[in-house]
Amino acid sequence: KMVRPSTMIVEVDEDFTVLSGGERVAFDEFRLTYIKSKMLPTVRVESDGAANALISYLNTRGYDFIDFSVVSTNPSLVKKVRDDRVSIRGIIDYTKTDVSNMSAGAIANQMNANRSIIGIFGENQLDAERIFGIQARFKSVWINKNVENAHDAYEFIASGATGIITDNFATVYDAYNSIQDSTLSRGFYGIGHRGLSLSAGENTLE
């Protein structure tokens, strides 16, 4: 019984090829061989050339790639791709960024400005309070974490983050499956919908 991650992240170059096993492989060949319809593809772009190659590729696909994401350590590259293709998801990788002086609000604002709904962080970059603060602003936090055993997986789950990036995904699945359905790993969000709409704008905290 094969265990797969829900999402596979692959980096492409300006020729839209993937580095796989030390060889360059055309993205579609890689996708049809490994991703198939079993995992959601997330393409990492770290240069203008790679971003342009992804845009060109998506423009040949129509709208059959809705469950598709772009990720980069450069927020402007995420925005560039999403400005062209609004139907896919944007992800900013903060693992190489110093976020120690950035509040949860500042991080969420940067994600909004660059059309990203997900932020990737290293396991020691955020505490539980800032994870909660970012997600309370309707952004998702994924943690890039080296999972060696069940303890590591439980530590991630207790952080409140919604996603984990690891090669050892089977251990994470086992940890989730061992937790009772009544267990909460995240806090509650207070959300006002219409409220007193004659006095304040709808769908606002005010």
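1. Let's start with Asp48. Leaving out residues up to four places away in sequence, Asp48 touches Leu77 and Lys80. Keep in mind as you read that this is a predicted model. Look for Asp48 in helix H2, which covers residues 48-59. How far apart are Asp48 and Lys80 in sequence, and how far in space? They are 32 residues apart along the chain, and their C-alpha atoms are 9.0 Å apart. As for its surface, Asp48 counts as partly exposed because its relative accessibility is 48%, and partly exposed is the class between 20% and 50%.

2. Now zoom out to the two helices around that spot. H2 packs with helix H3 (residues 75-84), with the axes 10 Å apart and an angle of about 20°. So H2 is roughly parallel to H3, since angles under 35 degrees fall in that class. If you like to check handedness, the crossing of H2 and H3 is right-handed.

3. Who meets whom here? On the H2 side you'll find Asp48, Ala51, Asn52, Leu54, Ile55, Leu58 and Asn59, and on the H3 side they meet Leu77, Lys80, Val81 and Asp84. Sorted by class, this contact of H2 with H3 has 6 nonpolar, 2 polar and 3 charged residues. Asp48, our starting point, is in that list, and so is Lys80.

4. Next, another helix pair to look at. Helix H6 (residues 150-159) and helix H7 (residues 169-177) have axes that come within 9 Å and cross at roughly 65°. What does that make them, roughly parallel or roughly perpendicular? H6 and H7 are roughly perpendicular to each other, because that class runs from 65 to 115 degrees. H6 passes H7 in a right-handed crossing.

5. Here is the residue list for that pair. Ala150, Ala153, Tyr154, Phe156 and Ile157 in H6 meet Thr171, Val172, Ala175 and Tyr176 in H7. By class, the contact of H6 with H7 has 8 nonpolar residues, 1 polar and no charged. It's worth setting this beside the H2 and H3 contact, where 3 charged residues take part.

6. Two alanines in H6 make a handy pair to inspect. Ala153 sits in helix H6 and counts as buried because its relative accessibility is 0%. Not counting residues up to four places away in sequence, Ala153 touches Val147, Thr171, Val172 and Ala175. Try picking out Ile164 too: its C-alpha atom is separated from that of Ala153 by 9.0 Å, and the two residues are 11 apart along the chain.

7. The other alanine is Ala150, also placed in helix H6. Is Ala150 buried or partly exposed? Ala150 counts as partly exposed, because its relative accessibility is 37%. Ala150 and Thr171 are 21 residues apart along the chain, while their C-alpha atoms are separated by 6.3 Å.

8. Let's move to a strand. Asp93 is in strand S6 (residues 89-93). It is a buried residue, since its relative accessible area is 5% and buried means under 20%. What do you find around its side chain? One polar contact, of 2.9 Å, joins the side chains of Asp93 and Arg44. Another, of 2.6 Å, joins the side chains of Asp93 and Thr95. Setting aside neighbours within four places in sequence, Asp93 is in contact with Arg44, Val71, Ser72, Thr73 and Ile120.

9. Last, a look at backbone angles. Most residues other than glycine have a negative phi. Phe16 is worth a check, then: it has a positive phi of about 55° although it is not a glycine. You'll find Phe16 in the loop between strand S1 (7-11) and strand S2 (17-20). Phe16 counts as buried because its relative accessibility is 10%.

10. Phe138 is worth the same kind of check. Its phi is near 65°, a positive value in a residue other than glycine. Phe138 lies in the loop between helix H5 (128-135) and strand S8 (140-144). Buried or exposed? Phe138 is exposed, because its relative accessible area is 57% and exposed means over 50%.

Notes. Residues numbered from 1 in each chain as written. Predicted model: local features only at pLDDT ≥ 70, side-chain atom pairs only at ≥ 80, totals over all residues. Heavy atoms only, no water. Helix = DSSP H or I, 4+ residues; strand = E, 2+ residues; numbered from the N terminus. Buried < 20%, exposed > 50% of the residue type's maximum accessible area, 1.4 Å probe, protein only. Polar contact = N/O pair within 3.5 Å; in protein donor to acceptor, adjacent residues only side chain to side chain. Contact = heavy atoms within 4.5 Å. Axes fitted to C-alpha atoms, helices over the stretch in contact; angles between N-to-C directions. Parallel < 35°, antiparallel > 145°, perpendicular 65-115°, else oblique. Left-handed = near helix turned anticlockwise from the far one by under 90°. Nonpolar A, V, L, I, M, F, W, Y, C, P; charged D, E, K, R; others polar.
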